[in-house]
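Colleague: Please put the model up. I would like to go through the terms one at a time.

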Amino acid sequence: MCCESKRRFLLLYATQKGQAKAIAEEIWQQAGAHGFEADIHCLSEMDKYNLETEKDPVVIVISTTGTGDPPDTARKFVKKIQDKTLPPDHFAHLQYGLLGLGDSEYMFFCNGGRTVDRRLQELGAQHFYDTGLADDCVGLELVVDPWIDGLWLALKEALQLQKEKEGMNSAVDAVSSSISTAPHPVNELQLSSEIQNLKLKDEEARASGILSQKLDDINLAGPAGDTEPSLVHSVPPVSESALNIPALPPEYIEVEFQDTQGENPHLSSLISEGTTFEVPVTKAVQLTREDAIKTALLLELDIADAAFQYQPGDAFCVICPNNVSEVEELLHILGLSGKGDDFVCVKVKQGTKKKGASRPQHIPERSTIKFILTWCLEIRAIPKKAFLRALVECTSGAGEKRRLQELCSRQGASDYTHFIRDSNVCLLDLLHAFPSCKPSLSLLIEHLPKLQARSYSVSSSNLYQPGRLRFVFNVVEFPAGPSRPVSRKGVCTGWLAELVAPLLHPSKNSLDTKGESSSTEKISIFPRPNNAFHLPADPSVPFIMVGPGTGIAPFIGFLQHRQKLREQHTDWEFGETWLFFGCRHQDRDYLFKQLQCFLENGTLSHLKVCFSRDSSTAEVAPPKYVQDVLRLCAKEVARILLKERGYFYVCGDKKHMADDVSDAVVDILSMEMEADKLEAMKTLAMLREAKRYLQDVWS
């Protein structure tokens with residue numbers, strides 16, 4: 001229990017990938033220095049706290065996942081508080097402050113936090129400190145750091161007010177309950193508008209330490225000189241500043257080497273999301289030509305013997321390992337070369353100062369070192385500031401030590417954003433840049449997040465190809481740069497490409513190639529159903545599909561499914577279907593030229609394609625992007641959405657396509673409705689709310 005000498009508050013977090021937990025732990029660590037004791041729990045640990053009887057202030061840190069959903073660890077809590085039988089004064093006794101994490105690249109920014117915040121308000125809870133909404137698109141620390149700074153005074157005054165109220169009689173209680181209990185707020189609207197200013201008007205955001213550096217940082221790709229900062233080199237004022245660095249996170253993991261041998265855990269034991277299936281890869285086709293800018297692959301899996309159910313539009317996850325050579329390199333730097341196959345026991349360090357310390361769920365109690373580094377830890381994760389702070393203690397070089405301190409300090413926030421966060425620097429990059437840094441395996445287990453399974457859209461129909469599941473992906477490439485000495489491929493796409501290399505049939509470019517290879521390669525997958533991105537329940541409803549590049553993947557499944565339904569139900573009425581597809585070059589990366597077959601057999605009513613990098617000799621240049629083609633079909637788009645209550649699906653890149661498509665639809669609605677842009681935006685919002693404008697996008 002908490003010490004009586006310190007003032008207690010309840011600290012709750014809900015995390016999907018570890019960021020909310022890390023921020024909550026930072027609050028917990030700072031609390032002691034400010035005279036508080038934080039009672040910290042995950043929202044899922046509902047047996048360890050009780051908001052119905054909680055008298056002390058509550059601080060909640062919560063992230064957002066998927067299409068605006070609360071993280072998995074908050075689902076039970078959210079379901080409980082959304083019980084419609086709860087009275088409006090259910091939490092009238094509760095004082096709380098909430099910090100939401102999100103990414104404004106996605107439509108439902110911070111919706112996990114907003115959902116909890118809104119419901120607590122509906123149930124009578126009061127803010128003692130206004131909500132903060134932190135945006136990973138521009139840097140969480142822009143909101144997180146000032147929000148934490150202001151928290152301590154708000155807590156102090158909330159607890160003081162609580163103490164005064166406890167000493168008052170009931171008459172005074174009635175008066176005091178009408179008094180605002182939110183002194184020195186960090187206003188939600190203010191925080192959100194600051195983020196928008198940073199994103200949209202960075203030239204005007206003079207107060208922003210991150211964006212004010214951008215002009216100076218433009219030329220950093222060249223050789224670093226004495227006047228230019230880099231990952232390993234700082235310049236004034238940072239290099240001359242006294243630094244405010246985070247508190248050193250307490251060590252809490254102990255790794256014991258064991259002489260005995262055994263077997264590593266099964267991969268299914270690492271997954272908490274549900275049942276996993278190990279399935280063979282039966283086919284691999286390269287859909288792009290060798291000279292295409294990106295390499296796109298189609299893989300087919302045999303799920304006939306697996307109880308794996310899916311609908312077109314669903315996604316599924318692939319359990320993937322870290323790159324073998326990167327794991328070996330890490331073992332070498334850790335001084336563990338030749339010991340990768342040694343078994344270790346991972347347990348909580350005796351006498352640790354970390355409250356509620358436990359072995360991370362994604363780390364097996366007993367396994368080999370190589371298993372942990374290969375299947376359990378996201379070694380490509382961007383190191384958080386708390387990790388940098390811990391690495392300082394493992395670094396012997398004075399200059400390197402100072403630079404790591406700068407990068408995790410308040411004064412070095414801009415350098416951290418530019419040279420680590422925006423440069424996608426990982427642990428290996430840091431260890432190359434700071435060769436005197438020699439962390440322990442236990443430190444990596446403490447600070448590296450869980451290796452996440454990678455999600456892919458299904459690109460097939462179980463009606464069209466029973467017992468088969470197909471998916472399409474680009475092999476992701478990360479080029480070398482000033483902060484990254486070598487180029488790398490994506491963790492999962494690089495692994496899959498290497499795995500299926502013997503199966504590849506370059507440039508066959510076919511949906512229906514019959515020849516199957518006798519592959520023995522298997523991968524582990526688990527379903528991730530999509531609750532909304534499905535064909536309309538009524539087949540007579542028309543729909544529009546927009547999917548440039550690999551964004552076409554789910555629509556191949558849609559069209560396969562529709563073709564089979566048309567064959568099986570000749571008496572049904574089927575609505576018209578439109579597909580807008582785009583790529584760079586018609587002869588290099590037109591992924592599915594067999595779309596013409598769907599057009600010829602009537603499954604697809606209209607196919608509109610565009611090629612952004614092909615030159616044209618026509619007097620009027622053809623449209624380059626899908627949003628341009630949409631505008632040329634404005635009347636038909638408006639007719640389907642407004643008069644025929646049709647559906648509109650978008651799949652693909654968020655930043656460079658989906659937003660432009662959304663803008664085009666707003667312009668189309670405005671023009672065809674003869675209404676102003678605001679009215680058109682409201683109409684689009686209503687379509688989203690009715691689940692008739694649906695997105696499956698990534699950044």
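Colleague: How do the residues lining the second largest cavity divide into nonpolar, polar and charged?

Modeller: The lining has 6 nonpolar, 1 polar and 1 charged residues. Ala, Val, Leu, Ile, Met, Phe, Trp, Tyr, Cys and Pro count as nonpolar, Asp, Glu, Lys and Arg as charged, and the others, Gly among them, as polar. Ala-381, Pro-383, Lys-384 and His-447 are among the lining residues. One caution: this is a predicted model, where local features need pLDDT of at least 70, side-chain atom pairs count only at pLDDT 80 or more, and totals for chains, interfaces and linings use all residues. Residues are numbered from 1 along each chain as its sequence is written, and side-chain values use heavy atoms, with hydrogens and water left out.

Colleague: What makes helix 12 largely enclosed by the rest of the structure?

Modeller: Helix 12 spans residues 413-421, and 8 of its 9 residues are buried, so the rest of the structure largely encloses it. Buried means under 20% relative accessible area, exposed over 50%, partly exposed in between (1.4 Å probe, protein chains only). A helix here is a DSSP run (H or I, at least four residues), numbered from the N terminus. The buried residues include Asp-415, Tyr-416 and Arg-421.

Colleague: What covers the buried residues of helix 12?

Modeller: The cover includes helix 4 (141-166), helix 10 (385-392), helix 11 (398-408) and helix 13 (427-433).

Colleague: With which residues is Leu-444 in contact, leaving aside its neighbours within four places in sequence?

Modeller: Contact means heavy atoms within 4.5 Å. Among the partners of Leu-444 are Leu-330, Phe-387, Leu-427 and Pro-439.

Definitions and conventions: Helix = DSSP H or I, 4+ residues; strand = E, 2+ residues; numbered from the N terminus. 1 Å grid on protein atoms, 1.4 Å probe; cavity = no way out; pocket = protein on both sides within 12 Å on 5 of 7 lines; lining within 4 Å.
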